[in-house]
Amino acid sequence: MNMADFFSMGGRGFYVWSSFGAVALALVIEMMLVKKRGSAAAQLKKTVAETQQ
Amino acid sequence: MNLYKYASPATFYPLAGKLIPWFAALAVVFGLIGLYLGLIVAPEDAQQGQVYRIIFIHVPTAWVGMVVYLVMAAYGVAALTLKTRLSSMMMEALAPTGALFTALALLTGALWGKPTWGTYWIWDARMTSTLILLFLYVGYIALIHAIEDKKRADKAGALLVIVGSVNVPIIYFSVRWWNTLHQGASVSVTGSKMAAVMAQGMLVMALACWMYAIAVVLVRVRAIILERQYKGANDMVGLSMGARGMAGTEMTGTEMMGTK
């Protein structure tokens, strides 16, 4: 299979690559959001620790 | 080993932190092998041609969507009976990932349906019950955020998830119980109807999705543990600072809270 055949997926490339692409994009966004939530929570812990001193 | 020890958020927090990089690394390794098997090694399907390759992402996302819900229901039972605090936190951490995978299963299914069935969507039993699963996830998330008292919110959420779990076997057996447009199971406990390399690709991709889901849920549950522990404290700090600021009016903290 050459590169062009690989990307065209027998003329169904749109459906195949949209599926894989949508999942990849969604997982990247979820990872970013969850990382942000983690840092915000760590910041909250820091703020509370500082104010209680 | 005392499993109860790890049911405490304080001991689970560092353990989860240690496990995250391992699950993340495994997700990458399985993902690369799975994509290689599914997109390059596996041959073209005799009936569907190349478009069948959506199976390598569609089935794993659907499995994660269903099983995460069952795991949530199990934690729900633990939350209501054993009253372990971590259980409710785990439920809260699992829900967004479960909802996301269910939505992705529906989306990739639609993208597969169009070229093979001629339609993105049909009210077929498998698809409708999967859509209900998505609504159950969204309902749970909305419910726990709508109730201010965290303990009551956790209880109500656990109850909703447990009752809703009846939907999972309906999804799974829908292709047998009803005459659906959706095809039957390709892989089951008793064996596989697919070529070996196709089944292997699908299973490795499923493992990748699992490792990813566990890693991301562990990151989220760590955030939730901190949020629950410190949000109350932060509010109290804010309150006492507010009370100090009003010292001139001789108003105490208890008066501010209306418990005089």
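A residue counts as exposed if 12 or fewer other C-beta atoms lie within 10 Å of its own, and as buried if 20 or more do so. In this predicted model, that criterion separates two residues with unusual backbone conformations.

Lys83(B) has 12 other C-beta atoms within 10 Å and is therefore exposed. Although Lys83(B) is not a glycine, its phi is positive, at about 55°. Most residues other than glycine have a negative phi. Lys83(B) belongs to the loop between α2 and α3 of chain B.

The two helices joined by that loop also pack against each other. Helix α2 of chain B spans residues 55–81 and helix α3 of chain B spans residues 85–117; their axes are 7 Å apart and form an angle of about 155°. Because an angle over 145 degrees counts as roughly antiparallel, α2(B) and α3(B) are roughly antiparallel to each other. Their crossing is left-handed. The residues of the contact of α2(B) with α3(B) comprise 18 nonpolar and eleven polar residues, with no charged ones.

In chain A, a positive phi of about 45° is found at Met9(A), which is not a glycine either. Met9(A) is situated in the loop between α1 (3–8) and α2 (13–52) of chain A. With 21 other C-beta atoms within 10 Å, Met9(A) is buried, whereas Lys83(B) is exposed.

There remains the contact between the chains. Chain A contributes 26 residues and chain B contributes 29 residues. On the side of chain A that touches chain B, 14 residues are nonpolar, seven are polar and five are charged.

Notes. Residues numbered from 1 in each chain as written. Chains lettered and ligands numbered in written order. Predicted model: local features only at pLDDT ≥ 70, side-chain atom pairs only at ≥ 80, totals over all residues. Contact = placed C-beta atoms within 7 Å. Nonpolar A, V, L, I, M, F, W, Y, C, P; charged D, E, K, R; others polar. Axes fitted to C-alpha atoms, helices over the stretch in contact; angles between N-to-C directions. Helix = DSSP H or I, 4+ residues; strand = E, 2+ residues; numbered from the N terminus. Parallel < 35°, antiparallel > 145°, perpendicular 65-115°, else oblique. Left-handed = near helix turned anticlockwise from the far one by under 90°.
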